[in-house]
Amino acid sequence: MRSAACLLFCLAAFAEELPVRIYTTADGLAGNTIDRIVRDSRGYLWFCTREGISRFDGYQFRNFGADQGLPAPDHDLVETPSGEYFIATGEGIARFRPADPHSRFTILRLKGPLRRAIQTLAADPAGGLWAGTVVGLYHLDPPAPPATREWRLRSVDIGLPNRNFEDDSVEALLVDRGGTLWIGARGGLYRRFPNGQIEGTHGGLPHPDVTALLEDRQGRLWAGTRQGVCRITPDGSLAGRQTQDVCQAVPGLNGGVIHSLHESSDGVLWAGSNGLLMAWTPGIAGVSRYTARNGLPGEGTAILSMVEDLAGNLWAGGFGAIRIAKGGFRTYSERDGLATGFIVSILEDRSGQLCVVSNGANGRIFNRFDGTKFRSVRPGVPRATAWGWGAGQITLQDRRGDWWVPTAMGVFRLPPLFDLHPPGSARPRAVYESANSVYAVFEDSRGGIWMSMQILATPNGPTRANGLARWDPASGELCHFSESDNVPQALATSFAEDRAGAVWIGLSTGSLLRYADAKFRVLPPPNGSRTWIQSLHVDRGGRLWIAGRSGAASIDPLAPELRPAIYTTAAGLATNDVKSIVEDLGGRIYLATGHGVDRISPGAPSRIRHYTTADGLARGELLAAFCDRKGTLWFGSREGLSRLDPEPEQPAPPPPVFITGLRVRGTPRPVSILGENDLSGIQLAPDQNQVELEFVSLRFGTGETLRYQYRLQGRDNDWIPAGEQRTVTYASLVPGGYQWQVRALTADGVASERAATLGFTILTPIWQRWWLKLLAAIFACTILYSLYRYRLTRLLEMERLRTRIATDLHDDIGSTLSQIAILSEVAQRHPSGENREQPLVDIAGLSRELVDSMSDIVWAIDPEQDRLDDLAHRMRRFAGDLFSYNGVAVRFQAPGGEKNPRIDADVRRQVFLIFKESLHNSVRHSGCSEVEIRLQLDAGWLELAVADNGRGFDPARIRCGHGLASMAQRAKQLGGALAVETAPGRGAALALRVPVGGSSLKKYPHKWAGYVWRTSRMLRDRVQ
């Protein structure tokens, strides 16, 4: 901690810009004026602004305001141990449970002017909430059923002086580790012990206001006042004492109002004032002061709140959310002494001081850093000298102390630039290749100076050829190399020397040139691309790194066969255009690009971290990179110089990951605004098979890049990389149960300890569910079986009909024909006379009966005669024909045309035969004068009733003949019933009831028999 503090104070003396980024409404923040910043238990940052609150996850802001039911402005936010959030708003205290997906803001509205006067909140360990207002201290009591079911705000008297309205204003609250409540008020400092005892200071200062309170990790209490920072004396009573007697002022931290206090994880204490941020470490002398000169907002901006995120970055609230990145870049510009911010080369001189070459209107300027600021000097070359267009290796100081400065008019060899008075006044010792434009220079381990040049056709004219030369320190002569030395006609763009002393030269064609044992060897482009090599570097492990416009590559220069490791955007780089390469003392490689800096950590697989302007890096394209002997990294761009002090790599903790959004067919489903680690039991309709999932892992680290992997169990065998994408969409999922998982990985490959899981089920369509399939199969089998049974029944019925027809034909037609045949023979034996007429008469009668029988059979099987009215018509005609010659009156009742169902052929035949037999009995045996016939349809039953007024008979005394038995048998075969009601001298009545719609007498047979008996009795009585 002491070394960190020393570094902090050293940096405080510098004027460099801190690695600051300011987030505003343009970045998605709800409002630009921030009253409070809070880090919750999960690591989210909450910003209380005048227009609402914002939640930040390291990627983006999510805002809550009037549209979500939250009034503005919002002054403070407190998370309670139960997971509830309370927000001090302009309309009262808002209560919110963010873990509940269906939670809404509940406003506890206060009565009177107090509703707009809440300034600060603090959770009470005993339950409830402390609220500091402009009119004193209040306590928000939670509900205590059954006595009360509402939150209640009650005033707590702490002994405020009440001399004027401002004296009652409570501006800061702190509950220390012992449970004591400390109150900072306009009237002084107060505290309330857990037992309810209260004590406070009494005046003493012109402005005794206590505006901020802090308890550090050592248990020390600090207070911010309108006159600076002071430490509260431990174990001292406040009662009756003055504020300055209780608080010991901290040297260097007085003279201004303190709005906020904070202790960072490295033990440094921070105080926020108006446009000023101060830092100090207790026990170490000195205070660092940061202002707008260091990148903070202007002096009119008050630092109202501070907090540290999970990665150790410091966030300050004022105008916008100010992030000071831990381990970020610090930037230097003209106000730090640089002649210009256009940096083209960085190096160290022989004494170890940093030298930066920048381009200006009058040529190149050399800037040397003395630890506090830069001192500029123009090298002693003629002012008319053109400077060329090289970058990177464009200047060096050799081991003898001379400076080699390449220009478009040769290389100038100068004595030490900064050791003369005035600096840079020395004349060149020598000029080499004055007729050519020198692009780069390099000193090898033997002291030789290599020069890459463009040979001009004329002074300041077009390029005729490219050249390569080496200055020999022993002879002082310049040796040129050509194609005869196996040197291609390409511009040498960069140089490096490996451990074996071989000089490697990068060419504009993408090839490599190796010089060893006084021989050149040409090697093809390592990555196969013939693009410009822009930088070479030999790392601490001896590998040669090549930077070009197609990415970076590394090779082992001592291996017999070069097998390059390729680094491009496919491997995780931000861009393929790599300008320069540098290495820190830990062996990590830094690639300077137009998109920032990519850091490659050693090991397999490669771990790449990205740094951008958000981490404090200077804006503009990076052109140069350098590591000084202390291990500090320097990067030069077109708009400034950036400095990075690499920190040892710490094992990254496993990143937690949360599911933050679920959309089904574009419709959002409720998810906690804090994200869910486990969602299950979700059922979706069969057509809701398009699912979009959003997820996040909190990312706050400098240059930190999190990658994501996901899988759908049962469908994906392994984790699917999603890169930095935080959304996954499944367009068309088949019905079934799913378990989806997502995890985050750090740049070091550390995965989340617990993957976020979503369990959901897409219901199978009704027509695809097993029970419906089973029912459908049973139904189909039932239908098939019914069809089979129906067909079998029809076949059996047809067979029975055929059998009956055959029987009728045999019994009636056959016997009648036999009688006709016999009578014909009898007539033949009596060709004349009376004995011949009688057989002929009998033959005629039998023939008519035969015709009637055949007509009945044809009618019974005729499909055109299968309606009820056809049966009624047949019956009416038969009755009319039968009784037309004997004077018997016939009354026939049949249904009207509205009821005319189809009657089965067998039913028609059997009913008609029963009808005929009953009428024949009436004609032959009853001697009646009236016959009543009624045919009707009743609820699927066909009812036939026949009654006459004849002589009747006694059923008990007369043996039942074949006719009655045949009719009863026919009715039984049809599933019906037949009843006869008669008595001597009272006529006879017959009632028949048979089913025509699937009904049956098998159920409740006594009811149907009774009905038939009652019907026959009624008809008989009517006829009588």
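**View A. Val-664 and Val-691 are bridge partners in this predicted model.** Here's a close-up of two strands side by side. Val-691 sits in S60 and is the bridge partner of Val-664. The strands in the picture are S57 (residues 658-664) and S60 (residues 691-696), and 6 bridges join them. They run antiparallel.

**View B. Step back from that pair, and an open sheet of 4 strands comes into the frame.** Read across the sheet, the order goes S58-S57-S60-S63, with antiparallel pairing. Which strands sit at the edges? They're S58 (667-669) and S63 (727-730), and each of them pairs on one side only. If you ignore direction, neighbouring strands in this sheet are turned by 25° against each other on average.

**View C. Another open sheet of 4 strands, this one in the order S34-S35-S36-S37.** The pairing here is antiparallel. Look at the two ends of the row: S34 (396-397) and S37 (430-432) each have a single partner strand, so one side of each has no neighbour in the sheet. Now zoom in on S37 and strand S36 (residues 410-414), which pair in the antiparallel sense over 3 bridges. One bridge to pick out links Phe-412 with Val-431, its partner in S37.

**View D. Helix H6 covers residues 905-926, and its length can be checked with a little arithmetic.** How far should its 22 residues span, at 1.5 Å a residue? The answer is 32 Å, and the C-alpha atoms at the two ends are 31 Å apart, so expectation and model agree. Keep following the chain and, just after H6, you meet Gly-927, which takes a positive phi of about 65°.

**View E. Ser-529 sits in a loop between two strands.** Strand S45 (519-523) lies on one side of this loop in sequence, and strand S46 (533-538) on the other. Is Ser-529 buried or exposed? It's buried, because its relative accessible area is 19% and the cut-off for buried is under 20%. Setting aside its neighbours within four places in sequence, Ser-529 is in contact with Gly-510 and Ser-550.

**View F. Pro-81 is a loop residue too, placed between strand S6 (74-79) and strand S7 (85-89).** Pro-81 counts as exposed because its relative accessibility is 85%, and exposed means over 50%. To get a feel for distances, find Ile-343 as well: it is 262 residues away from Pro-81 in sequence. In space, the two are 53 Å apart, C-alpha to C-alpha.

Key:
Residues numbered from 1 in each chain as written. Predicted model: local features only at pLDDT ≥ 70, side-chain atom pairs only at ≥ 80, totals over all residues. Heavy atoms only, no water. Buried < 20%, exposed > 50% of the residue type's maximum accessible area, 1.4 Å probe, protein only. Contact = heavy atoms within 4.5 Å. Pairing = 2+ DSSP bridges. Expected span 1.5 Å × (residues − 1). Axes fitted to C-alpha atoms, helices over the stretch in contact; angles between N-to-C directions.
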